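Work through the exercises below with the model open in your viewer. Try each task before reading its solution.

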Amino acid sequence: MNPEQIWQAAQEELRFQLSKPSYETWLKNASLVGREKNDFKIGVPTKLAKDWLEDRYSAMIKETLSAIVSGDVSVAFEVVPGQPESLSRRSAIAVAEESPPEEEEPVLAEASQLNPKFQFQHFVVGNNSRFAHAACRAVAETPAKAYNPLFLYGGVGLGKTHLMHAIGHAVLEKHHRRRVAYVTSEKFMNEMISSIQEGRMVDFRTRYRTVDVLLVDDIQFLAGKDRTQEEFFHTFNSLHELNRQIVISSDRPPKEIPTLE
């Protein structure tokens with residue numbers, strides 16, 4: 001592979017590892033401006049992009065390039081004058097300079113797959129669920145601040161699903177424009193398989209990697225399902241990079257799900 005083909009392959013891989021907004025903002029318009037053996041020099045349009053890639057994505061880019069060339073690599077970034085800046089990056093800067101946008105329609109709980117019966121006011125707090133209830137309340141009050149990610153562990157029928165739905169309802173009630181998605185891990189896997197078969201993986205990734213709060217129930221179901229685990233891992237990382245709230249539940253403690261990283 002010539003240097004340009006190597007960088008193109010790296011970008012394709014990085015596009016699937018990152019959320020769409022992150023990729024289009026920081027990497028879409030990056031280019032390979034030099035290579036000497038396994039030393040790669042990446043050109044970017046602004047100093048902000050250079051600093052961001054060095055701080056946030058340098059290790060990921062090195063790992064991706066190393067896998068492609070089957071050897072250790074070094075990566076350096078430099079600002080290339082005249083290189084086009086991504087539209088999403090320009091838009092992000094413009095938004096900060098403009099007046100606040102008009103109010104959008106509130107996100108409906110139905111669109112988030114939330115059960116209207118599962119709300120905090122309907123949850124009976126017991127001695128064994130007091131801490132879990134308090135943690136979920138804290139997450140709902142300030143998403144991505146108190147506990148992120150939040151892992152709910154408990155046996156069947158102890159209220160994990162109820163608390164997850166309650167978080168979603170409370171977030172939507174307080175933050176009308178936040179995007180919340182509740183999904184069981186089995187449904188996540190089935191949707192992923194259907195998306196692969198129908199060539200809709202971009203839509204699938206966009207749906208789950210652009211939410212503000214992701215609630216994933218029964219994560220133990222993914223144990224041993226390597227392809228689904230990998231997809232969820234990238235989704236998790238994309239959201240965590242963007243400081244979005246993630247809540248996961250399981251009827252088994254993490255140490256009993258050895259194949260789930």
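**Exercise 1. Asp-218 and its backbone**

Task: Classify Asp-218 as buried, partly exposed or exposed, then place it and describe its phi.

Solution:
- Step 1. The model is a predicted one. Asp-218 has a relative accessibility of 30%. Buried needs under 20% and exposed needs over 50%. Asp-218 therefore counts as partly exposed.
- Step 2. Asp-218 sits in the loop between β6 (213–217) and α9.
- Step 3. Its phi is near 55 degrees, a positive value in a residue other than glycine. Most residues other than glycine have a negative phi.

**Exercise 2. The partner of Asp-218**

Task: Find where Ser-185 lies, then decide whether it is buried or exposed. Which residues does Ser-185 touch?

Solution:
- Step 1. Ser-185 belongs to helix α7.
- Step 2. The relative accessibility of Ser-185 is 0%, so it counts as buried.
- Step 3. Set aside residues up to four places away in sequence. Ser-185 then touches Val-216, Asp-217, Asp-218, Ile-219, Phe-221 and Leu-222.
- Step 4. Look at the side chain of Ser-185. One of its polar atoms lies 2.4 Å from the backbone oxygen of Asp-218.

**Exercise 3. Helices α7 and α9**

Task: Work out how α7 and α9 are oriented to each other, parallel or perpendicular.

Solution:
- Step 1. Helix α7 covers residues 185–198 and helix α9 covers residues 226–241. Their axes come within 10 Å.
- Step 2. The axes cross at roughly 100 degrees. That falls in the range of 65 to 115 degrees, so α7 is roughly perpendicular to α9.
- Step 3. On the α7 side, the contact uses Phe-188, Met-189, Met-192 and Ile-196. On the α9 side, it uses Arg-227, Thr-228, Glu-231, Phe-232 and Thr-235.
- Step 4. Sorted by class, this contact has 5 nonpolar, 2 polar and 2 charged residues.

**Exercise 4. Helices α5 and α6**

Task: Repeat the analysis for α5 and α6. Is their crossing left-handed or right-handed?

Solution:
- Step 1. Helix α5 spans residues 130–141, and helix α6 spans residues 160–174. The axes come within 8 Å and cross at roughly 25 degrees.
- Step 2. Angles under 35 degrees count as roughly parallel. Helices α5 and α6 are therefore roughly parallel to each other.
- Step 3. The crossing of α5 and α6 is right-handed.
- Step 4. Helix α5 contributes Ala-132, His-133, Cys-136, Val-139, Ala-140 and Glu-141. They meet Leu-163, Ile-167, Ala-170, Val-171 and Lys-174 in α6.
- Step 5. By class, the α5 and α6 contact has 8 nonpolar, 1 polar and 2 charged residues.

**Exercise 5. Two backbone features in loops**

Task: Inspect the peptide bond from Asn-148 to Pro-149 and decide: cis or trans? Then examine phi at Ser-70.

Solution:
- Step 1. The bond from Asn-148 to Pro-149 has omega near 0 degrees and is cis. Most peptide bonds are trans.
- Step 2. Pro-149 is placed in the loop between α5 and β4 (150–153).
- Step 3. Ser-70 is not a glycine, yet its phi is positive, at about 55 degrees.
- Step 4. Ser-70 is in the loop between α3 (47–69) and β3 (74–79). Its relative accessible area is 67%, so Ser-70 is exposed.

**Exercise 6. Leu-14 and Lys-117**

Task: Give the environment of Leu-14 and of Lys-117, each buried or exposed. What does each one touch?

Solution:
- Step 1. Leu-14 lies in helix α1 (residues 3–17). With a relative accessible area of 1%, Leu-14 is buried.
- Step 2. Leave out residues up to four places away in sequence. Leu-14 touches Tyr-23, Leu-27, Met-60, Ile-61 and Thr-64. Leu-14 and Leu-27 are 13 residues apart along the chain, with C-alpha atoms separated by 8.4 Å.
- Step 3. Lys-117 lies in the loop between α4 (87–97) and α5. At 63% relative accessibility, Lys-117 counts as exposed.
- Step 4. Beyond its neighbours within four places in sequence, Lys-117 is in contact with His-122 and His-162. Lys-117 and His-165 are 48 residues apart in sequence and 8.8 Å apart from C-alpha to C-alpha.

**Exercise 7. The whole protein**

Task: How many helices and strands does the protein have? What share of its residues is buried?

Solution:
- Step 1. The protein has 9 helices and 7 strands.
- Step 2. Of its 261 residues, 42% are buried.
- Step 3. Take contacts between residues at least 6 apart in sequence. Of these, 75% join residues at least 24 apart.

Technical notes. Residues numbered from 1 in each chain as written. Predicted model: local features only at pLDDT ≥ 70, side-chain atom pairs only at ≥ 80, totals over all residues. Heavy atoms only, no water. Axes fitted to C-alpha atoms, helices over the stretch in contact; angles between N-to-C directions. Helix = DSSP H or I, 4+ residues; strand = E, 2+ residues; numbered from the N terminus. Parallel < 35°, antiparallel > 145°, perpendicular 65-115°, else oblique. Left-handed = near helix turned anticlockwise from the far one by under 90°. Contact = heavy atoms within 4.5 Å. Nonpolar A, V, L, I, M, F, W, Y, C, P; charged D, E, K, R; others polar. Buried < 20%, exposed > 50% of the residue type's maximum accessible area, 1.4 Å probe, protein only. Polar contact = N/O pair within 3.5 Å; in protein donor to acceptor, adjacent residues only side chain to side chain.
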